[in-house]
Amino acid sequence: MKKALALILALVMVLTLAACGGSSTDSEAQTPADEGDKTVKIGVLVSDVSGEEALGFRAYYEDYIAKNYNVTFTYTEQLEDAAAEKAAIEKFAAQGYDAILSLAASDRATQIETCEANGLYYAVVSGMLDDAQFEQYKGNEHFVGQIGPSMDTEYEAGYAMGQYFAQQGVKTVGIYGAFIPNPMHVYRTAGVLAGLGCTYGGASDKDGIAGQLFGDQGVDMSKVACGDIQIVGYFQGFGDTTFDELFAIIGQQPDAFLSVGMATTFFADSLNGANIPYSDIDSFTSGNAANMADGTLTYLAGKYSSSIGPIFAATLNAVNGNPIRDAEGNAISISQSYLVATDSATFDSIFNGDKGDSPIFSKDVLDTVIGAVSYDDFVKLVESK
Amino acid sequence: MDNEAILRKYKLRQKLINILPVAALAVLFTILVVTVQAKGYRLDMYLKIVFNEGVVLAVVATGAVFIYTLGSFDISLGASTLFSATMGVMTYNATGSLALMILVIFGAAVGCSLLSSVLASVFHIPVFVTTVAMMSVLSAIAAQIITTNGGAVGGISIPSALVKPLDNMGFKIAALAVFWLVCFFVFSFTKIGRRQKFLGGNPVCAQLTGIQVNKYAIIAFVMAGLGVGLGAFLTLVYTPSVTATTAGSIGMNIVVAIVFGGMPISGGPRSRIYAALVGGFSYILLNNILKLLIDSNIGYGVSQIVSAVFFLAVVYVTGLNYRSQMLPR
């Protein structure tokens, strides 16, 4: 009896799903906004919900942009994999959203295809597709584009950090590889090694080092060869032994501790307390301002919170029928570099210039590219900041 | 109270508790439909999303019921799904053959499952221990393959056009139905299911009657492996890419699904083959309802907390059925 009931219910559900699934076409999901009088609904895909950078971005969209434009932002919960990203997009489509801004990167190709299938505009925020992927999707009508650091930029950010400390004359360093094999962290770490003047498995170039790091899923210290600088310890990830690894490095009193991400979130107190100069690639936040003013944070390459303003403007334009495309009609693709601060004065000038009601990409600035605007003018604005 | 009255009361309570998971599924389904319509969202799309989210869990968990019936516990099924999908993608990218890809996915899934079983039998260690080890090993191997071959993209993939024709409700419903019916037949109409329940309920007694533990353990792991293989393939059909985090939550969700479906984790005679199907979809429905009702701006994790409370409540209610002076029937 019970089995039969379960089977009947399951069949009813399945048939209902099947019937409803075929009851309308995908194009019905598209609900273009009438310029000016309809609130534009934007869904934001996120894979990091607690990092300083992620919180800064969210505050800019929700506390500044949403108050100055007729737009709402809805954030997803932490998306763990490609299936979760796709399901999130489909839910936004089911709820009549107009566009998706993506800070999640498990499978951007599927994200684009899902948005295209559901008539949602899509943009990559603070990141870039792989070159081959961009070539494949750049002509898609609903792909607005991408603005953020490319993998080349990530490598260069790491390289500049390593080079800075080498030029400062450090002799011993510890390195934190963050979440390798995350590609972003792989390229940054490759850059740090090259910037310090080290080779890895005999390679000294970007692709040579990064390729091996992907294969090794981390830095194999036996493959590192440096000149005058000694790497006293390397670790990555975050788990039960992370602080043991950190304290093992701190115990050797290195001249500097170089991190390619998240050190200011995880290790700031320990490093400040041990009086060890450290660096990170993160963002310009109040926490990092304190670490640089009162602690031993000596080098920060970071994004500022409103750096994600232009991609919002481009997306809003697309929703309102003014898509920005290049001369060939393709989606925009602009690499955004990191800003670097090595002292409090520089940090504060960047941080204070991008706070609360007076962000770098303020409403006044964004308004210059909202509406009908040429690709060249848009690029000029992004690259001017 | 005489024995007959006790028996009547017991049977009534057992009936009510046994019907609870199915009733809960119906209630949750109704709540979702009402909520989606009240909010003015597209019901057809929402139902499709729920089905897509639930189908892989339902398939893998249905296979896993055979293992759980024995009183064993396999925590490596998520990692097996990831590993099988990874091997499938690598095979397709090397050969260009969809048939070979499917064959490798199922081969890898059944192979992983059997390895867990054989290791447990040979070394006489609890299955749970071997599956913990397998989870670590399979995740590490898959991550190594994915990151080595995925490079800057962070994942490996097959052309989406290859599986797009299969990414529809008809195919997925058919796949789920066929697999479920096979499992239903094996579990309910052959001696395999009966003997596995016996083994799960009282292994010493079962062995004394001549039932071979290893034989039925291997059959259970083969069935679970088939579920993992189908789950891995359906995962690729939905998103044709694999990253190191793919299927990461399946391992624990299977436990939740089976409990939601009204089956005891300890297995034995109260094991039910439909528990995974009912519980899997109930769990997905509950998650979606909570996400619809709870404002995402309230804070991350609120829906998980509510879900956990619900889970404990279900365990308590279904547990009433086990705390009885009567033998299970």
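Which helices of chain B are included in what covers the buried residues of α4(B)? In this predicted model, the cover includes α3 (77–95), α5 (127–150) and α10 (213–238) of chain B, and the first legend below begins with the helix that they cover.

**Figure 1. Helix α4 of chain B and its buried residues.** Helix α4 of chain B takes in residues 98–123, and its 26 residues should span 38 Å at 1.5 Å a residue, which agrees with the 37 Å that separates its end C-alpha atoms. The buried residues of α4(B) include B:Met101, B:Val104, B:Ile105 and B:Ala108, and also among them are B:Cys112, B:Ser113, B:Ser116 and B:Ser117. Just after α4(B), B:His124 takes a positive phi of about 55°. For the chain as a whole, the pLDDT of chain B averages 88, with 93% of the residues scoring at least 70.

**Figure 2. The open parallel sheet of chain A.** Six strands of chain A are arranged in the order β2-β1-β3-β4-β5-β13, and their pairing is parallel. Because β2 (71–75) and β13 (332–335) stand at the edges, each with a single partner strand, one side of each is left without a neighbour in the sheet. From one strand to the next, the twist averages 15°. Within this sheet, strand β1 (residues 40–46) and strand β3 (residues 99–103) of chain A run parallel and are joined by five bridges, and A:Gly43 stands opposite A:Ile100 in β3(A). Helix α4 (residues 108–118) of chain A lies across β3, β4 and β5 (143–148) of chain A, and runs at about 155° to β4(A).

**Figure 3. Two residues of chain A with positive phi, A:Ser126 and A:Gln217.** A:Ser126, although it is not a glycine, has a positive phi of about 55°, and this residue is found in the loop between β4 (121–125) and α5 (131–137) of chain A. With 20 other C-beta atoms within 10 Å, A:Ser126 is buried, because 20 or more is the count required. A:Gln217, likewise a residue other than glycine, has a phi near 55° and lies in the loop between α8 (206–216) and β8 (224–225) of chain A. A:Gln217 has 19 other C-beta atoms within 10 Å and is therefore partly exposed.

**Figure 4. The cis peptide bond between A:Ile180 and A:Pro181.** The bond from A:Ile180 to A:Pro181 is cis, with omega near 20°, and A:Pro181 lies in the loop between β6 (172–176) and α7 (183–195) of chain A. For the complex, the predictor gives an ipTM of 0.86 and a pTM of 0.83.

Note on methods. Residues are numbered from 1 along each chain as its sequence is written. Chains are lettered from A and ligands numbered from 1 in the order in which they are written. This is a predicted model: local features need pLDDT of at least 70, side-chain atom pairs count only at pLDDT 80 or more; totals for chains, interfaces and linings use all residues. Helices (H or I, at least four residues) and strands (E, at least two) are DSSP runs, numbered from the N terminus. A residue is buried if 20 or more other C-beta atoms lie within 10 Å of its own, exposed if 12 or fewer, and partly exposed in between; C-beta atoms are placed from the backbone. pLDDT is the predictor's confidence in each residue, from 0 to 100. The expected span of a helix is 1.5 Å times one less than its number of residues. Two residues are in contact if their C-beta atoms, placed from the backbone, lie within 7 Å. Two strands pair if DSSP finds at least two bridges between them. Axes are lines fitted to C-alpha atoms, for helices over the stretch in contact, and angles run from 0 to 180 degrees between N-to-C directions.
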